[in-house]
Amino acid sequence: MREVTLPDLAAFTRCQMTLMLSESWPLVGVQARRAIGRVSRITRTRLAMGARLGPSDGEEARQTRKALARATEAAMAGFGALIWPAVPGDPPRVAKIRALDYLRRPMLSVPPNVSGGPAASVRCGRSKAGFPAAFQVMGRRSGDRAVLKIAHAYEAATPEFDNPVIETGANEPAPRADTARLRCDSPDLRH
């Protein structure tokens, strides 16, 4: 197994948060002010951060996003996909969550969100605390088939993890995607 080094996770996180916050305030800030009593403290805090950002902050984040996407593509040269944990551990208790905690913990789903590459989270067991555990598969831009093929291959090889946690009601089984027909012509996955 070879290793690859992506740009710093903190750079991805700062970029995504700046993009999200700078775009959220103009979209929902006025409505949030009107419904202040129905907006949670956590959401108010996050929206307030967005209110402090200006158009230049958003433009700088968009330029950073392009640079991070180029750096990610360069780092992935020669790889069909990258695989890493989907979350850094068990979630905190809801009562202990603070408004900006998401900025303090690694957000492992951010690189594909920022770089524009496809990704899939694949269940692979349970944590010591009993929560579902997963790994993430990230492909190069336009590498959707490779990501889906890897995810499907793992799921097919590990049916013991196929225990849906979604309840559909009325004792109906949870719907499943028809993944049996997926195939990949990606030369990256043939060797």
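Start by selecting helix 1 (9-34) and look at Val-28, the centre of a kink of about 60°. The bend at a residue is the angle between axes fitted to the seven residues ending there and the seven starting there. Helices here are DSSP runs of H or I with at least four residues, strands are runs of E with at least two, and both are numbered from the N terminus.

Before you go on, two notes on the model. It is a predicted one, where local features need pLDDT of at least 70 and side-chain atom pairs count only at pLDDT 80 or more, while totals for chains, interfaces and linings use all residues. Residues are numbered from 1 along each chain as its sequence is written, and side-chain values use heavy atoms, with hydrogens and water left out.

**Stop 1: along helix 1**

Keep helix 1 selected and check its end C-alpha atoms: they are 36 Å apart, which agrees with the 38 Å that its 26 residues should span at 1.5 Å a residue. That expected span is 1.5 Å times one less than the number of residues.

Now colour by burial. Buried means under 20% relative accessible area, exposed means over 50%, and partly exposed is in between, using a 1.4 Å probe and protein chains only. The buried residues of helix 1 include Thr-13, Gln-16, Ser-22, Ser-24, Gly-29 and Ala-32. Show helix 2 (41-51), helix 3 and helix 4 as well, since they are among what covers the buried residues of helix 1.

**Stop 2: the nonpolar cores**

Select Ala-11, Phe-12, Cys-15, Met-17, Leu-19, Ala-61, Leu-68, Met-107, Val-110 and Val-114, the ten residues of the largest nonpolar core. A nonpolar core is a set of buried Ala, Val, Leu, Ile, Met, Phe, Trp, Tyr and Cys residues joined through side-chain atoms within 4.5 Å. Which elements give two or more residues to this core? They are helix 1, helix 3 (55-75) and helix 4 (110-115), and helix 1 supplies the largest share, five residues.

Centre on Leu-68 next. Not counting residues up to four places away in sequence, Leu-68 touches Pro-7, Ala-11, Phe-12, Cys-15 and Val-114; contact means heavy atoms within 4.5 Å. Then move to a second, separate core of eight residues, which includes Ala-120, Val-122, Phe-135 and Ala-151.

**Stop 3: Thr-72**

Go back to helix 3 and pick Thr-72. Is Thr-72 buried or exposed? At 1% relative accessibility, Thr-72 counts as buried. Leaving aside neighbours within four places in sequence, Thr-72 is in contact with Leu-6, Pro-7, Phe-12, Ser-115 and Met-138.

**Stop 4: the strands**

Display strand 1 (residues 81-85) with strand 3: the two pair in the antiparallel sense over five bridges. Two strands pair if DSSP finds at least two bridges between them. Look for Pro-85, which stands opposite Phe-135 in strand 3.

Add strand 2 (residues 119-126), which runs antiparallel to strand 3 and is joined to it by seven bridges. Here Ala-119 stands opposite Met-138. The hairpin of strand 2 and strand 3 has five residues between the strands, and Gly-130 takes a positive phi near 95° in it.

**Stop 5: an aromatic pair**

A search of the whole structure finds one aromatic pair. Select Phe-135 and Tyr-154: the ring centres are 4.9 Å apart and the planes are at 90°, so the pair is edge-to-face. Rings of Phe, Tyr and Trp (its six-membered ring) pair if their centres lie within 6.5 Å; planes under 30 degrees apart count as stacked, over 60 as edge-to-face and the rest as tilted. Phe-135 is in strand 3 (residues 132-139) and Tyr-154 is in helix 5 (residues 144-157), 19 residues apart. Phe-135 counts as buried at 13% relative accessibility, whereas Tyr-154 counts as partly exposed at 26%.

**Stop 6: two loops**

Pick Pro-118 in the loop between helix 4 and strand 2. Pro-118 is buried, with a relative accessible area of 13%. Beyond neighbours within four places in sequence, the contacts of Pro-118 include Val-137, Gly-139, Ser-142 and Val-147.

Finish on Ser-142, in the loop between strand 3 and helix 5. Ser-142 has a positive phi of about 65° although it is not a glycine, and at 73% relative accessibility it counts as exposed.
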